[in-house]
Amino acid sequence: MTEALLSTDAKPAPRDDLRDRVLRGFALGDKSFRIVTQTCAVTVLLLLGGVIVSLVEGAAPALRQFGFGFLTSSAWNPVTENFGAAPAIYGTLVTSFIALAIAVPIGLGIAVFLTELCPYALRRPIGIAVELLAGIPSIIYGIWGMFILAPFLQEHVQPAIIAAFANVPYLNQIFSGPPYGIGIATAGLILAIMILPLISSISRDVFNTVPPVLKEAAFGIGCTRWEVVRRIVAPYTGVGLVGGIMLALGRALGETMAVTFVIGNAHKIMPSILGPGTTISATIANEFTEADGKLYTSSLVALGLVLFVITFIVLSVSRLLLMRIEQKGAR
């Protein structure tokens, strides 16, 4: 009888071995997954560090030669090897903020319309049509802007704007000069069209995350649709909206080909946004292949380093803003 009990107790041993093997397999899989993901994260950091080191090393001759004056100087003369980044920085920032000023209200309006007002049968076709704008190559935007948009602005829009603000203090300086068609304002308009689908699609997806019960409760107590959007939808989705806008700003800061076609590529600061200008990316694209001197090449690399720093600052500020919004919402 005792031998039978012992033999019965000994049978579950293979099951225990199987369980141990399965657990070891899970542990090995988890460890492998952790190693792979950690390697990917470290690789990204190494690539980012490599880019920073390359930019700093390449920009060192120009920074040693010009110092802090490189950021404030408007000179750009390859013959005398005198270079400054101020016009390119000015053009980059102004065109990006013009694009945001145009694209953010329109993009948010499109998102509100698609999520709150548009009939269900039309939401998908209109959404797809807007998102198709993001699939158009930037060089196509540049060609369209140069041969279609710029002549139209030069003939019909810019003369009317110049005449309308001719007698308005301060604004007559911002909207002054001959109607070139191309210029900083045209580049900003092209950028606005390019980042519009990014803002509208992200905003639409964020608006769709609002629980229907919140909106239904607001409607139930007598709120209008505008009040629901302003007091329920917007506060609930504030973090996502800011993230989408900052992502669009990053796209606008680094855009190259479309801007190069329509901005005029004049390395100077003009008070009027209707005049020609340049951006950091446009200057690099136009002149990098022609840079034959060490200082010339280093100045272009220094422009790339400045653009990297500007983008890093923008992303850092947006991250801090998002953290404050999240902390405020958690209270």
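The paragraphs below go from the whole chain to its nonpolar cores and then to one helix. This is a predicted model, in which local features need pLDDT of at least 70 and side-chain atom pairs count only at pLDDT 80 or more, while totals for chains, interfaces and linings use all residues. Residues are numbered from 1 along each chain as its sequence is written, and side-chain values use heavy atoms, with hydrogens and water left out.

The chain holds 14 helices and two strands, these being DSSP runs (helices H or I, at least four residues; strands E, at least two) numbered from the N terminus. Its C-alpha atoms fill a box of roughly 110 × 65 × 40 Å along the principal axes, and buried residues, meaning those under 20% relative accessible area with a 1.4 Å probe and protein chains only, make up 36% of the 331 residues.

The largest nonpolar core, a set of buried Ala, Val, Leu, Ile, Met, Phe, Trp, Tyr and Cys residues joined through side-chain atoms within 4.5 Å, has 56 residues, and among those touching the most other members are Phe-83, Ile-190 and Ile-195. Several helices, including H8 and helix H14 (294–330), each supply at least two residues of this core, and H14 gives the most, with 12 residues.

Helix H8 (residues 184–207) reaches 33 Å from its first C-alpha to its last, close to the 34 Å expected from 1.5 Å times one less than its number of residues. H8 bends by about 40° at Ile-195, with Pro-197 following within four residues; the bend is the angle between axes fitted to the seven residues ending there and the seven starting there. Because 18 of its 24 residues are buried, H8 is largely enclosed by the rest of the structure.

Methods: Buried < 20%, exposed > 50% of the residue type's maximum accessible area, 1.4 Å probe, protein only.
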